[in-house]
Amino acid sequence: QVQLVESGGGLVQPGGSLRLSCAASGFTLGYYAIGWFRQAPGKEREGVSCINYRHDRTYYTDSVKGRFTISRDNAKNTVYLQMNSLNPEDTAVYYCARRYSSCSGETADYANWGQGTQVTVSS
């Protein structure tokens with residue numbers, strides 16, 4: 001059974017850091033792109049970052065560039081999202097999902113969504 005499970009969320013003060021994990025089972029990360037998305041209350045789900053299987057090419061939405069870093073550990077079958085310099089606008093439920101081969105900017109192109117992990121940035 002293909003499954004993605006997010007973890008690592010929590011409560012953090014503005015300026016703090018968190019590292020999210022997306023653990024894959026039922027398949028290997030090779031040949032798949034993994035995307036991170038987030039959804040705040042009352043807002044639509046939006047793309048945050050993505051990593052291709054080929055050469056680990058990465059993408060970021062403008063609002064997180066320079067603060068977030070996505071990475072892949074094939075040995076652990078896990079994708080990470082390191083989040084630094086967090087601000088209250090980053091508060092959301094964060095999800096990961098997969099797409100065959102390469103990254104896409106369209107949420108509808110991804111499947112096998114995880115259950116999400118809550119990130120709350122507040123003082």
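Modeller: Buried means under 20% relative accessible area, exposed over 50%, and partly exposed in between (1.4 Å probe, protein chains only). The model is predicted, so local features need pLDDT of at least 70 and side-chain atom pairs pLDDT 80 or more, while totals for chains, interfaces and linings use all residues. Residues are numbered from 1 along each chain as its sequence is written, and side-chain values use heavy atoms, without hydrogens or water.

Biologist: Which exposure class does tyrosine 53 fall into?

Modeller: Tyrosine 53 sits in the loop between strand E5 (46-51) and strand E6 (58-60); strands (E, at least two residues) and helices (H or I, at least four) are DSSP runs, numbered from the N terminus. Because its relative accessible area is 31%, the class of tyrosine 53 is partly exposed.

Biologist: In what order do the strands of the four-stranded open sheet run?

Modeller: Strand E1 (residues 3-7) pairs with strand E3 (residues 18-25) in the antiparallel sense over five bridges; pairing takes at least two DSSP bridges. E3 also pairs with strand E8 (residues 78-83), again antiparallel, over six bridges. With E7 added, the four strands make an open, antiparallel sheet in the order E1-E3-E8-E7.

Biologist: Which are the edge strands of that sheet?

Modeller: The sheet is open and has four strands, in the order E1-E3-E8-E7. The edge strands each pair on one side only, and they are E1 and strand E7 (68-73).

Biologist: Which residue in E8 stands opposite arginine 19?

Modeller: The register between E1 and E3 can be read from two pairs: glutamine 3 stands opposite serine 25 in E3, and serine 7 stands opposite serine 21 in E3. On the pairing of E3 with E8, which is antiparallel, the residue in E8 opposite arginine 19 is glutamine 82.

Biologist: Which side chains of E1 are buried?

Modeller: In a regular strand the side chains alternate between the two faces of the sheet. E1 alternates in this way, and Gln3, Val5 and Ser7 point to one face and are not buried. The side chains that point to the other face and are buried are Leu4 and Glu6.

Biologist: How many residues apart are cysteine 22 and cysteine 96?

Modeller: A disulfide (a pair of cysteine sulfur atoms within 2.5 Å) joins cysteine 22 to cysteine 96, with an S to S distance of 2.1 Å. The link is right-handed, with 80° about the S-S bond, and both cysteine 22 and cysteine 96 are buried. Cysteine 22 is in strand E3 and cysteine 96 in strand E9 (residues 92-100), distant parts of the chain, and the separation is 74 residues.

Biologist: Why does the disulfide of cysteine 50 and cysteine 103 tie together separate parts of the sequence, and how many residues apart are they?

Modeller: The S to S distance between cysteine 50 and cysteine 103 is 2.1 Å, and the link is left-handed, with -95° about the S-S bond. Because cysteine 50 lies in strand E5 and cysteine 103 in the loop between E9 and strand E10 (117-121), the parts they tie together are apart in sequence by 53 residues.

Biologist: What is the relative accessibility of cysteine 103?

Modeller: Cysteine 50 counts as buried because its relative accessibility is 5%. Cysteine 103 also counts as buried, because its relative accessibility is 18%.

Biologist: What is the pairing of the bonded cysteines in sequence order?

Modeller: The structure holds two disulfides. Numbered in sequence order along the protein chain, the bonded cysteines pair as 1-3, 2-4.
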